[in-house]
Amino acid sequence: TSKGAGKGLAWGFGIGLPLFAGAIFLAFLSEKVFPPYEDSISKSMLEVSKGGVHPLLIFLFVFTLIVMAPICEETFFRGYFYPVLRNRMSAQAAMLLNGFIFSAVHLSLAGFLPRFLLGCGLSYIYDKKRNLLGPIVAHSLYNGLILLLSGIWQLF
């Protein structure tokens, strides 16, 4: 529903930016522990930076990462899965388990801790506002900033 959408949106930005900062810090620490891993976003950004990629494909790539993935993943993980967990355990336990599974399905050992933090934070936003707009906005913000940083790093 649209009720509470403004607060959900504010929470998405207000919690999303610190989540991103924390995830970047965890990613930095993870790089010190785990072997280097080049994820699909980095590989795709490298191909785009080399040129020769059709603009429509670039648009679809960006649209998928910033719009479709957050909508689909948040609908499942926070709209369906988190409430199921929350009905069976405490909010903290449900957030931790939801964050763990959210991160695990992304299949990246090096990215596990940042995505775990993100998953827990998105669950927290949903738990407080009971609206998917906040987690979708925070997730979109996270993916957009990662995409932007990946693109910037490829230039150097």
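# Helix H5 and its surroundings in an all-helical model

Let me start with helix H5, where 18 residues at 1.5 Å a residue should span 26 Å, and where the end C-alpha atoms are indeed 26 Å apart, so the expected and the computed spans agree. Please keep in mind throughout that what we have on the screen is a predicted model.

Stepping back to the whole chain for a moment, the protein contains six helices and zero strands, so that, read from the N terminus, the elements run α-α-α-α-α-α. Of the 156 residues, 37% are buried. If we take the contacts between residues at least 6 apart in sequence, 71% of them join residues that are at least 24 apart.

Returning to H5, its buried residues are Phe112, Pro114, Arg115, Leu118, Gly119, Cys120, Gly121, Leu122, Ser123, Ile125, Tyr126 and Asp127. I would like to single out Asp127, an acidic residue that is found in H5 and that counts as buried because its relative accessible area is 13%, with the cut-off for buried set at under 20%. What does Asp127 touch, if we do not count residues up to four places away in sequence? The answer is Tyr82, Arg86, Ala91 and Met95.

Two of those partners, Ala91 and Met95, take us to helix H4, since both are on its list of buried residues, together with Ala94, Asn98, Gly99, Phe102 and Ser103. Seen down the axis of H4, these buried residues fall within an arc of 155°, and they therefore line one face of the helix. As general background, an α-helix has 3.6 residues a turn, so residues three or four places apart point the same way. H4 itself covers residues 91-104, which makes 14 residues, and it reaches 20 Å from its first C-alpha to its last, close to the 20 Å expected at 1.5 Å a residue.

Let me now turn to the aromatic residues, of which the structure holds 11 pairs. One of these pairs is formed by Trp11 and Tyr124, and it is tilted, with 5.9 Å centre to centre and 35° between the planes. Because Trp11 lies in helix H1, residues 5-33, while Tyr124 lies in helix H5, residues 112-129, this pair ties together parts that are 113 residues apart in sequence. Both partners are partly exposed, Trp11 at 26% relative accessibility and Tyr124 with a relative accessible area of 33%.

Phe76 and Tyr80 also form a tilted pair, again at 5.9 Å centre to centre and with 35° between the planes. Here the setting is a single helix, H3, residues 55-86, in which Phe76 and Tyr80 are four residues apart and are thus separated by about one helical turn. Phe76 is partly exposed, at 39% relative accessibility. Ring pairs extend this into a cluster that links Phe76, Phe77, Tyr80, Phe81 and Phe102. Phe102, which we met among the buried residues of H4, has Arg78 lying over the face of its ring, at 4.6 Å from the ring centre.

Staying with H3, Phe63 is found in that helix as well, and at 33% relative accessibility Phe63 counts as partly exposed. The C-alpha atoms of Phe63 and Gly144 are separated by 9.7 Å, although the two residues are 81 residues apart along the chain.

For those of you who think about cysteines at the bench, how many disulfides does a search of the whole structure find? It finds zero. Among the cysteines, Cys72 is partly exposed, with a relative accessible area of 46%, whereas Cys120 is buried, with a relative accessible area of 14%.

Finally, a word on the backbone on either side of H5. In the loop between H4 and H5 we find Leu107, which has a positive phi of about 55° although it is not a glycine, and which at 70% relative accessibility counts as exposed. On the other side, H5 is followed by Arg130, which lies in the loop between H5 and helix H6, residues 133-154. Arg130 likewise is not a glycine and has a positive phi, of about 50°.

Definitions and conventions:
Residues numbered from 1 in each chain as written. Predicted model: local features only at pLDDT ≥ 70, side-chain atom pairs only at ≥ 80, totals over all residues. Heavy atoms only, no water. Helix = DSSP H or I, 4+ residues; strand = E, 2+ residues; numbered from the N terminus. Expected span 1.5 Å × (residues − 1). Buried < 20%, exposed > 50% of the residue type's maximum accessible area, 1.4 Å probe, protein only. Arc of directions from axis to C-beta. Phe/Tyr/Trp six-rings, centres within 6.5 Å; stacked < 30°, edge-to-face > 60°. Lys NZ or Arg CZ within 6 Å of the ring centre and 35° of its normal. Disulfide = S-S within 2.5 Å. Contact = heavy atoms within 4.5 Å.
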